[in-house]
Amino acid sequence: MNKPLPLRIRPYARLITMLGEQLITNETVALIELIKNSYDADASWVKVSFIDFNEDYSLKETSKIIIEDDGFGMARRTIKKSWLNPATPVKLKGKSLKPRTPKGRFIQGEKGIGRFAIFKLGKDVTVTTRKKTSDLKGGKFEYSIEYNFGKYDDDFLSEDNIKKELFIDDLEVNFSHDTPKVFVDRKVSFGGTSKKGLQYGTRIEITNLKSNWSKKKIENVQREISKMQPIFRHNKQSDFDVSIFFNGNSRPCVNDSAERLHNLLDNSPVLKIKDGIYKEQEQKFVFNLNGKERTVELSSSEIKGMTYYKEAFPNQDITNFGDFNFEFYIFDLNTKRGKCVLDKSDIDLVKPHRVYLYRDDVRVMPYGDANDDWLKIDMIRGTKKADEFLSNDQVVGCIYITQEKNHKLKDKTNREGLIDEDGTFGRFIAIIQILLRYIRMKDYAQYLINEKKKEEFDKVGKPKGLISNMKQYVEKTYPNDKILLDNVSKLENIYEKEVKIYDDRIKKTEDLAAVGLSIETASHDINILLDGTIKRAQDVIKSLSQSGEINKSYYNDEILSILGTLGIIKAQFKDIQKLFPSSKQRTKNINVKDIIDKVYSFYKNPLKDNKITCNIDSTKQSLIVKTTDAVLLQLFINLFDNAYYWLKTIDMENKQILITLDGEHNRLIFSDNGPGIQPEDKDYIFEAFYSGKGESGRGLGLYIARQLLDRYDYTIELAEFSKDKLLDGANFVMEFVKEDGE
């Protein structure tokens, strides 16, 4: 075997094109990348000058872009050992030893290729720099680096039309030093103001520009610069100012609506989430919502019960991305009442903003752009129920990470977005989605319920009061006008008849909804029984097809078992038929325990599989209620279903359901030792479409239960007094006594 020949990797010169031309998305990103380099150099200001362009922003042969700053500049050694070497590890090593600049800024760059953004803008570049010294003056020399890449074709495959293989080390850069001529005691004009004594910093002059510019492109640069540091922080003096000049004239700031945006964020959101922090070790969110402190733990039943949580964290592996801070402002773009109403100009101001991501107070692009769905909210709303998720354009916010606490959230090579290393970034996104989903499911749902009540009062309460007031006014003002009095009475009668029609329609709708929910629950158990019956019948047929002596006793037992199962199924279908409005059931006296036993038979196997015990405690006197089988079946199916769902979400021994029947006082308490009802939910659990089950719930069960009982003047409420709180979880009290004592 021959001795291995060592070979060296020698990149072609076209790598420059890939690093600058192809890796950087567009000219806007390229310019911002260079501005970020000035930020890392501790500059207090950056001036970007577009010089000698046509008035329509198109290029002339003499057009140039100059970027200059008052950063700490570069010394000879830095230029030779770092600036000219792609992927230099200098910043990466420096960050590990000293992550902050002298001004306290966290260094952003670390990959050593951001400087190649220059070549996205033009082919010929002159970089002039003078190092800042300890006495706040410049070094002895200023240095110049000249890139004359205009003589190469766009792909660095030929030089001045001479075809030859060009490697990256074939590219020559002119490096020189001289006594200071650029960085001397000179004034730098900023329109009406000027900076004196510029003795250090960096100046980049780019000529032989590659593409035309436009007013829109320059405005995009200004907008992105205005968002470079957190835009929602009031009264924060920026220590980093960026000015843009076009043909000698200062470009006016496009972010002149910042104060108005701050006012909207302060006064117009329906939900304002401030001072938020996710604590990874404790796996919980702590935040201030509309002035009240809140804590949401990932171990809570509400979070663990979310379908999305189960999909995102099947093994509950939520670690690795670290603590982070957040703030969200949630708007209702459709509300027509109160201080939260937004006019068209307000909406136009809010909509372009999304949820921004900042690392050490510097924005991670492009997160937060209107066309960037980095949290995958639009995707989720398109594939799941849209109304279960807040829309992108109604949520404005910031998420704050740091290099120290979130070191696994790493920038992509082009500094646009983060790498999903080992799924860490995916889990980070998922945990934010879960928080926003929780807010939609709880707090925003409560807001919508309150708004709906106000709207219903406006639509229903006012007409009824208006008709009553009209009748009183007519009777008092025109007591002798019989025609007018008759017409007003007719109007009142018509109104009352229409109300009755709508009430009847609502009742029918509620009945059908209740039937659907109840059948879904009952059918689950029936399907299990049918599957077992079919399997037994198939086994009998298979056995009979085999040769040999027939065992009559065996087949007799099998057929009897099949008939027994079919009998159970028939009995359950008979009970289900009682749920239908078409059965026209009449009210009668019903022993409540008989109904509970039937419903328990539906849930017996699932409860047993999840190690949940059910105890029924009753007084000597039976609880007899005058109603229909359907009402009680629907009531207890919903109560069993809720208890079963929530008990499944907790890890504990001795999970219980306790049903206490009191025939002497005509009341019943349905209890479980699950997670219980959260204090902020107590006023909403009987409202339609409000559910703590997330995607698994419809928010109709308890609402329908209350509506059905209300028809008979019976009630269902959460236990209020300690004597009725028989277990640690949810305790529902049903009173089967009418106001007349019946």
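In which loop is Pro366 found? In this predicted model, Pro366 belongs to the loop that runs between β18 (362–363) and α11 (377–383).

**Figure 1. Close-up of the cis peptide bond between Met365 and Pro366.** The bond leading from Met365 to Pro366 adopts the cis form, and its omega is near 0°. The setting of Pro366 is the loop between strand β18 (362–363) and helix α11 (377–383).

**Figure 2. Close-up of Asp361, a non-glycine residue with positive phi.** The phi of Asp361 is positive, at about 65°, although the residue is not a glycine. Asp361 is placed in the loop between β17 (355–359) and β18. The relative accessibility of Asp361 is 24%, a value between the limits of 20% and 50%, and the residue therefore counts as partly exposed.

**Figure 3. Close-up of Asn208 in strand β10.** Asn208 is part of strand β10, which spans residues 201–209. Although Asn208 is not a glycine, its phi is positive, at about 50°. Asn208 counts as partly exposed because its relative accessibility, 36%, falls between 20% and 50%.

**Figure 4. Close-up of the crossing of helices α2 and α6.** Helix α2 comprises residues 27–40 and helix α6 comprises residues 215–226; their axes come within 9 Å and cross at roughly 40°. An angle of roughly 40° lies outside the ranges that count as roughly parallel (under 35 degrees), roughly perpendicular (65 to 115) and roughly antiparallel (over 145), so α2 and α6 are oblique to each other. The crossing of these two helices is right-handed. On the α2 side, the contact is made by Glu27, Thr28, Leu31, Ile32 and Ile35; on the α6 side, it is made by Lys217, Asn220, Val221, Glu224 and Ile225. By class, the residues of the contact of α2 with α6 comprise five nonpolar, two polar and three charged.

**Figure 5. Close-up of Thr17 in helix α1, shown with Ala117.** Thr17 is located in helix α1, which covers residues 15–22. The relative accessible area of Thr17 is 6%, which is under 20%, so the residue is buried. Thr17 and Ala117 are separated by 100 residues in sequence, and the C-alpha to C-alpha separation of Thr17 and Ala117 in space is 9.8 Å.

Conventions:
Residues are numbered from 1 along each chain as its sequence is written. This is a predicted model: local features need pLDDT of at least 70, side-chain atom pairs count only at pLDDT 80 or more; totals for chains, interfaces and linings use all residues. Side-chain values use heavy atoms; hydrogens and water are left out. Axes are lines fitted to C-alpha atoms, for helices over the stretch in contact, and angles run from 0 to 180 degrees between N-to-C directions. Helices (H or I, at least four residues) and strands (E, at least two) are DSSP runs, numbered from the N terminus. A crossing is left-handed if the near helix is turned anticlockwise from the far one by less than a right angle, and right-handed if clockwise. Contact means heavy atoms within 4.5 Å. Ala, Val, Leu, Ile, Met, Phe, Trp, Tyr, Cys and Pro count as nonpolar, Asp, Glu, Lys and Arg as charged, and the others, Gly among them, as polar. Buried means under 20% relative accessible area, exposed over 50%, partly exposed in between (1.4 Å probe, protein chains only).
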